Amino acid sequence: MQQKYIGIVLHTVKYNDKSNIVHIFTENEGNISCLIPVARSRKSTVRQVLFQPLSLVEFDAEVRPHSKLYPIKEAKAWYLFHSLPYDPFKSAIAMFLSEFLFRALREEAENPSLFAYLTHSIQWLDACQSEFANFHLVFLMKLTRFLGIYPNLDDFCEGCWFDLMNACFVPEQPGHGIFLPPQESQVLHKLMKANYRTMHLFGMNRMERNRCLHVICEYYRLHLPSFSELKSLAVLQELF
């Protein structure tokens with residue numbers, strides 16, 4: 001039967017000469033995999049341009065019994081971007097975050113709160129005109145709350161250490177080697193408290209920003225066992 005969906009495009013890969021597989025995080029079913037035709041006509045009801053990283057799409061798909069691939073019959077933009085695909089910095093962020101979400105949400109089922117957070121964040125980035133260099137850092141730290149791996153901030157104090165393995169602040173250096181020293185722990189705590197409106201007040205140079213991104217990716221790898229290395233990470237680090 002045919003069913004309507006609203007979703008966020010995470011990843012597209014070639015399936016055969018006639019079709020591609022696109023992974024989409026949807027509002028009502030979570031992560032699903034769909035088939036889209038490799039269209040060569042402008043009159044096609046499913047255009048490839050709609051399925052760029054983090055695109056917000058509305059589509060009709062044919063749900064077949066005993067099949068995990070849903071052929072998309074019709075598709076259109078659910079939200080029209082104003083700047084995200086055309087700004088090289090924003091498009092690099094979108095490429096990185098779409099790969100990140102593809103790996104982090106691989107097994108994620110229906111989650112309306114998460115879907116609302118993602119769509120709000122994508123639209124905020126598209127509308128923002130300046131001072132968004134810290135966007136991906138704040139986005140990823142806030143994302144941990146929806147995935148059940150949000151760090152415990154209650155025990156933070158000046159000079160404490162952050163235990164990456166146990167996701168909490170501790171007064172002494174942990175016995176294992178997976179932790180942040182006091183100075184970096186303080187930076188992480190400030191980052192967790194920031195939001196999109198205030199993140200521009202948190203000044204960081206390129207080296208500090210890249211270090212934060214490395215720590216965040218390491219944190220996800222520790223707490224999401226299926227989370228693998230990101231190919232687009234180097235591109236983002238070069239730009240920011």
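Here are some friendly notes on the strands and helices of this predicted model.

1. Let's start with β2 (19–26), which is mostly covered: eight of its eight residues are buried. On one side sit S19, I21, H23 and F25, and on the other N20, V22, I24 and T26, and both faces are covered. This listing is easy to follow along the chain, since side chains in a regular strand alternate between the two faces of the sheet.

2. What are the partners of β2? On one hand there is β1, paired with β2 in the antiparallel sense over seven bridges. T12 has V22 in β2 as its bridge partner, and four residues lie between the two strands of this hairpin. On the other hand there is β3 (residues 30–37), which runs antiparallel to β2 and is joined to it by eight bridges. Here H23 has S33 in β3 as its bridge partner, and the hairpin from β2 to β3 passes through three residues.

3. Helix α2 (residues 112–127) is worth a look next. Its 16 residues reach 22 Å from the first C-alpha to the last, close to the 22 Å expected at 1.5 Å a residue. The buried residues of α2 are L114, F115, Y117, L118, T119, S121, I122, L125 and D126. An α-helix has 3.6 residues a turn, so residues three or four places apart point the same way; that is handy to keep in mind when you view the helix on screen.

4. Which elements cover those buried residues of α2? Among them are the strands β1 (2–14), β2 (19–26) and β4 (56–62), together with the helices α1 (88–104) and α3 (135–146). So β2 turns up again here, as part of what covers α2.

5. Further along the chain, three strands make an open sheet in the order β7-β6-β8, with antiparallel pairing. β7 (168–170) and β8 (179–180) are at the edges with a single partner strand each, so one side of each has no neighbour in the sheet. Strand β6 (residues 161–163) pairs with β8 over two bridges, in the antiparallel sense, and D163 stands opposite F179 in β8.

6. Last comes helix α5 (residues 206–223): its end C-alpha atoms are 26 Å apart, which agrees with the 26 Å that 18 residues should span at 1.5 Å a residue. At the N-terminal end, N205 acts as a cap, with a side-chain oxygen 3.1 Å from the backbone nitrogen of M207. The buried residues of α5 are R209, N210, C212, L213, V215, I216, C217, Y219 and Y220.

How values were computed:
Residues numbered from 1 in each chain as written. Predicted model: local features only at pLDDT ≥ 70, side-chain atom pairs only at ≥ 80, totals over all residues. Heavy atoms only, no water. Pairing = 2+ DSSP bridges. Expected span 1.5 Å × (residues − 1). Buried < 20%, exposed > 50% of the residue type's maximum accessible area, 1.4 Å probe, protein only. Contact = heavy atoms within 4.5 Å. Polar contact = N/O pair within 3.5 Å; in protein donor to acceptor, adjacent residues only side chain to side chain.
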